[in-house]
Amino acid sequence: MKMLTLGKLGEGVEVELLVRGQSDLGEVAPEIKASERQAAVAIADLEWREMEGDDCELQYGDGPNEAQDSDFPTVERSRLQEMLLLLGLETHQVQKLSLQDALQISSDSMRNWAPQAPKDLPWNFLRKLQALNAEARNTTMVLDVLPDTRPVEKESQMEEEVIYWDTADDISADIYSFSELPTPDTPVNPLDLLCALLLSSDSFLQQEIMLRMSLCQFALPLILPDSENHAHTFLLWAMRGIVRTWWSQPPRGVGSLREDSMVLPRAPAFAFVRMEVSSNSKSQLLNAVLSLGHRQRDCFWHRDMSLGTSPREIADGLVEISWFLPSGREDLDLFPEPVAFLNLRGDIGSHWLQFKLLTEVSSAVFILTDNISKKEYKLLSSMKGSATKYYFILSPYRGKRNSNLRFLNRLIPVLKMDHSHVLVKVSSTDGVRFTRRVRSIVAHVARSPCRRVSVEDMAHAARKLGLKVDEDCEECQRAKDRMERITRNIKDSDAYRRDELRLQGEPWRKAARVEKELCQVQWAVDPPDKHRAELSHRLLELRTQQSSHDPAGGMQEFIAGISCPSLGERQYFLRWMEWGLAWVAQPRPRQSPEAVLTLRLKQVGAGDLSEPLWPEPLGVEHFLREMGQFYEAESCLVEAGKLPAGQRRFAHFPGLALELLVQGLPLELIDGNTLSAPLRWVTGLLKELHAHLERRSRLVVVSALGVPATGKSTLLNTMFGLRFATGRGRGPRGAFMQLVTVAESFSQDLGCDHILVIDSGGLIGGAPATAGERFELEVSLATLIMGLSNVIVVSLAETRDIPPAVVHAFLRLEKMGHVPNYQFVYQNLHDMSVPGPKPRERRPLLEHPADVSRAAAQVDKQGEGLRTLAYLAFCDPEKQHVWHIPGLWNGVPPMAAVSLGYSEAIFELKRCLLENIRNGLSNPNKNVQQLIELVSQL
């Protein structure tokens, strides 16, 4: 296949690209040492200075060239620090903000507040982004009035007036230091806020910010400028966790849905840049190209948006990326394949390194300018021989017409253009027709033989140009190497589970059945001693058989990875494992939520439904489940006196797993395959949690139950910023738990120190009389989860059916005097255009109150459980809520953003939950020791 050499940067540094379909940028390139990176940047700097010439006054002041520090004005070096001080982020340059810092529950979590000072802006942005709020980029502030005159918390009214701050409030403020910064009559530019926040965040908070921005359909930072340290960062790691689904249509064959990390697929890329001054807005044009009809997408922040005219102070040099992804619908798809769009903020002359990278990875570059003079001609002439196509977008009413024409004619042979590559936007009224023309050029280039690169490919090119790549740190690379040593041996997920993870599967299933039967015998009024002894002996045999195995090689490598002394390396390893395991297996069958629901209903009468409806993907939870089984088997032998306590090898496993829970990893509470809880393992985890929390051990447990594919995991993730698995075939099978910290300043008011959030798998909605063993297992699952919970969110489909397992669990727990706070949530799964949200339709659940005995009689007579809320007679109307949540998407995925109505409704639900907890409307809060006792009882 023909290769094109695009250019050289010194000896041995060159970038080559394939003409079509593939890119050798994706091959592993040796990491450039710091000295080599500086040399490469210095060469790029010299190239630009040679082009600049004596008659050019354009300053090159934005590149990672540490050797050229004297060339940077003092104000340039101090601008970032002043911005960080303004936003209250100056202390986070060394001690970076973490994901746990951003997710803490505070008093602000219970009110819809608007920022009143610049230091409020980062936290307001993070809060809105966590809630997937489409207005998160709005940095408007409101007047800081006295508390007794402050209006009621109503953000729409509060945001009508912009606040301007007075530096005199800060005695230490230097009035001259703000001369180049936002002044009292200039708000903070949203791009400056984003850059400052990313520079102040650790790698894992950066990932979360990028993931949430992608769900809101915001353009994502690809190259993060840092003029203070003269080092720009290519954000490969921060973007690696973004997974999207789109319609893939091969040239020949049947199309299908493809799900992939957005750093992996190769696609044509189109860069939009500005040279000197342009009266046309790049970002506005990009949004128009990505928009269908009159429905404007605001992926890229632009000058006509709120605060869009605020001057950028630290965001110049930022490169953003967004994609168009096809849905498979001809009436919606602007392009038949994924297409990447890149946007450089600032002038290309001041950000030459970024521009050079864009020319090397893009299929075409659109240059917006009003003037082309000798200086710009020299700059662009250096691109001679480039395989990239170049297009100019000019304004006829600005600039020097004759000069433009003269230099354009000289550039045409240099850049291999023709006159069709020069576009003139006549007027603002010409927008629709002009957008259509630009879109047709993009489509034509994408259809023709052109360069196709992935984000990983771009990162390799960035390394060769001397840019820093966030993924190249030693901890990240060591963790990646360890992950690859595990995943390279996984050829088939089922075979790997059978051969390497030997203690789970059928051995654990048998042990779980014996333990369940043994538990039932122990709770019997007059249990037969002989039968109990037989069950105990059978369980001991099964556990002895499990204990005869040693952890396999992959398990030993996994244990070493989570035992690493470096916290950062442990976190990197877990993320790498999640991604490595997700993509190492064969693609799973794709099913719609409706198909899953239908299939469940059809199979309800099939007897034993313990087998999953789709292949279970191999995940980190399987390795942790194996650790739990080693611990269970060993603990059982110690209890039976078959193994001295001093000879235990796996007693430290709960402590290792607890560290993962504290770092934000969901831990399995109930095994999804057997729907059984490993009692000794869960108890060990909770004991470790009790020791870890020490004096701050007051807990509130919030759980979600309901029918499958009703958005339970997405709801919890949006509400608390968590990481429960979502997506078809990826949702929880059993139950997982995550820990959310309450800020110490708020814990006394809320009445707890932490919130334990439990996410459960879907419960069948059929008749318990015919559901067989599966129904009994789900009743046990619901009983355990509801018994542990203070607040239960019951997620329901539009059929308004309450799963019978929930009703049966309630009836069991009611006899124990356990009545948690219930929140019933109906999610609109299909309607994409729900009008204004009505999230808090509060009403009694019953038209005619009845008692619990009636509910019990209904269950006994019908054998089908209680199918509607009208039968749920045990609810107290004063403590319950019925919520109608609008649809998740505003439009049709994959190009749809999360709807503002959904975000606002989830926030209101969260506020209500916290209010109920604070006001004591749920069960009394527990400490961890009480939770341990409850697990044993249930």
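A salt bridge is a side-chain nitrogen of Lys or Arg within 4 Å of a carboxyl oxygen of Asp or Glu. This is a predicted model, where local features need pLDDT of at least 70, side-chain atom pairs count only at pLDDT 80 or more, and totals for chains, interfaces and linings use all residues. Residues are numbered from 1 along each chain as its sequence is written, and side-chain values use heavy atoms, without hydrogens and water.

**Exercise 1.** Find the salt bridge between Arg-543 and Glu-515 and place both residues.

*Solution.*
- Check the distance: N to O is 3.5 Å.
- Locate the partners: Arg-543 is in helix H18 (residues 529-547) and Glu-515 in helix H17 (residues 506-522), 28 residues apart. Helices are DSSP runs of H or I with at least four residues, strands runs of E with at least two, numbered from the N terminus.
- Check burial: Arg-543 and Glu-515 are both buried. Buried means under 20% relative accessible area, exposed over 50%, partly exposed in between (1.4 Å probe, protein chains only).
- Widen the view: a network of salt bridges links Glu-515, Arg-543, Glu-632, Glu-639 and Arg-680.

**Exercise 2.** Explain what the salt bridge of Arg-625 and Glu-668 ties together.

*Solution.*
- Check the distance: N to O is 2.7 Å.
- Locate the partners: Arg-625 sits in helix H22 (residues 620-639) and Glu-668 in strand S14 (residues 667-670), so the pair ties together parts 43 residues apart in sequence.
- Check burial: Arg-625 is buried at 5% relative accessibility. Glu-668 is buried at 13%.

**Exercise 3.** Count the salt bridges in the whole structure.

*Solution.*
- The search finds 38.
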